[in-house]
Amino acid sequence: MPRSRLPVHAIALVALISVILEPAGRSAFATATGQGRSGAAQQRKIYWADEVPKGWNGKWAPKFQVVPERTDFTRATSTLQLHEFIDVLKWNAEDMHVFTVFTSALRKVAPAIVLAHPRVTSPEEARASGKPVIYLQGNIHPAEPEGTEALLMVMRDILLGKYKHLLDHQILIFCPIFNVDGTDTFVTEDGTPHITGVRTNAGGFDLNRDGVKLETIEVNGLYQNVLNRWDPVLLFDAHLMGRVNHGYANTYATSTVPTAHPGPRGYVWDTLFPAVREAVRRDFGLETFTHCLFDEAHWPPTVWSHDNAIWSVEAKFIVSDYGLRNRMSIITETPGHPTFERRIYAQYAYILALLEFTNAHASEMQRVCNDADADTVAKVRAQAESGQLRNWVEGKYESWGKIDLLAYKTNDTAYLPGTSVRVTAPGSATGPPEVVHGVEHLTKPVGTKDASVPRGYLIPADMRDLVAKLRAHNIKVQVLDKPMAAVGEEFVVDRMVKARAGGFEMTRLEGGFFGPTTRQVAAGTFFLDMAQPMANAAFYYLEPQAADGFVGWGMLDDALRSLGVDKHPVVYPIFKFRKAVDAPGR
Ligand SMILES: [Zn+2]
């Protein structure tokens, strides 16, 4: 998510990096975040600023080169060039299958490529193989195209190069260009690539805010044709930040919605992230760390926080929402000011190190997700009727403790002589960064407000659109074929408040729960049994006070207005019950 995007001209790196520095001693970086380990890594050369290892992408015949490789890293891949690249791979490799994620408003097809050995062509075949599916996407924000190029290179290197073993224990689905319409809306840039796509889709929507409300063709395609059908154990989404002052080649985050089951997201944070970080350092010579920013108005920095990088405990980001499914998810964000080549290298390095990890830990990752599914269902069955089961509807970040941070005091820009291109000024954000000690690591998600988790929800028969959204999210909802009585809690809305947050007009409900109370509902009412793996997601979307559930995104505004919420208190139309009488299918 770039703030102001101002990358460096490719040529500038030669002029501006005056000294190619050997790595500082281990103390300068390996312990810089408190996650470092002692050992052989200290001998590894670390590449700073715009540096990349010579020949890092290998030697490939022209037809196997991606667009940046063919254009001295001045151009990014268009959707036509993506199809051409897939076509070349198809004629030269056996272990791939291509399917359509969606067809866009401008009638462009977004392809996904399944890499498996032996080849699989359906979710059923994938399940029968016993291997977990890993899903990787680029260009949800086409102005951030380095992930796309890295994904294409990784596909090529797996199918035709030295990484075939990455298909030993896993199935990989690549969607290199997710926002196809945005990708082909070309605009000129100050830096590299010189011509690139725009952030939004053809309707002007930011697809990475559509994780809950599912109003775009693109995200509906992703959810219904990839996530619901193939059930990836891990979702990976590649991005770019703006011009930053930190010293990391790439940054990463996972779902931090406190409502999500702690198993999968805890595994990503505690086990996967430190291991992949070490591997990127060891195998690729890059320093990476959590997706944060510090307050650049003060030096030295004191806080390194997700909030500053606009990462959130809310569910609107695809990666955040995916955590509500008891699955793993990762976003990476390279800094925006280095060269396109450096940014591609940073994503390439992270993706390969990640896929080495997932290949080696495939069954462990499956187990963590399956355990979270089973635990979610078991808790609802055991504790929901008594009202003991609770979960979070709101959260915030707290500090994990103090860390050492890699940072530059300045990252000034200057005009490249004889051009109108602004680049990193000599002497700033080049070479090794400084190590700043004692910085608070503000990335620990904690809940701040909770609510009881019901045994199920009863949704009025006329809320068909809302139920369609739940089903698009893979949540099972039944229709009552006879009347039903249930005991539960009623939420009385005192006031509906509209407030701007994160660039959106959000809805907030003031009021409180009352009960226990008995409700009679007619046949045709929708019945959502919470004893299902998607219970945490259903809870977050339907709870009246969830930070950015269906209420937050305004999806119940009309229903509440028709009940008269602008004039007097009303009862929230979705009833949460603890104990059902004559419930179906149980
Ligand atoms: Zn982005």
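Visitor: Which residues does Leu-115 touch, not counting residues up to four places away in sequence?

Guide: Leu-115 touches Asp-95, Met-96, Met-155, Ile-158, Leu-159, Leu-167, Leu-172 and Phe-174. Touching, or being in contact, requires that the C-beta atoms of two residues, placed from the backbone, lie within 7 Å. Before we go on, please note that this is a predicted model, where local features need pLDDT of at least 70, side-chain atom pairs count only at pLDDT 80 or more, and totals for chains, interfaces and linings use all residues. Residues are numbered from 1 along each chain as its sequence is written.

Visitor: What makes Asp-72 exposed?

Guide: A residue is exposed if 12 or fewer other C-beta atoms lie within 10 Å of its own, buried if there are 20 or more, and partly exposed in between, with C-beta atoms placed from the backbone. Asp-72 has 12 other C-beta atoms within 10 Å, so Asp-72 is exposed. Its phi is near 55 degrees, a positive value in a residue other than glycine.

Visitor: Why is Ile-310 called partly exposed?

Guide: Ile-310 is partly exposed because 15 other C-beta atoms lie within 10 Å, which falls between the two cut-offs. Ile-310 also has a positive phi, about 60 degrees, although it is not a glycine.

Visitor: Why is α6 called mostly covered?

Guide: Helix α6 covers residues 146–160; a helix here is a DSSP run of H or I with at least four residues, a strand is a run of E with at least two, and both are numbered from the N terminus. Of its 15 residues, 13 are buried, so α6 is mostly covered.

Visitor: How do you know that the reach of α6 is close to the expected span?

Guide: The expected span is 1.5 Å times one less than the number of residues in the helix. For α6, with 15 residues, 21 Å is expected, and the helix reaches 21 Å from its first C-alpha to its last.

Visitor: What makes a set of residues a nonpolar core?

Guide: The set must consist of buried Ala, Val, Leu, Ile, Met, Phe, Trp, Tyr and Cys residues joined through C-beta atoms within 7 Å. The largest such core has 113 residues, and Leu-115 and Met-155 are among those that touch the most other members. Helix α11 (residues 340–360) gives this core its largest share, 12 residues. A second, separate core has 51 residues, including Ile-475 and Val-551.

Visitor: Why is the bond from His-117 to Pro-118 called cis?

Guide: This peptide bond is cis, with omega near 0 degrees. Pro-118 sits in the loop between β2 (109–115) and α5 (123–129).
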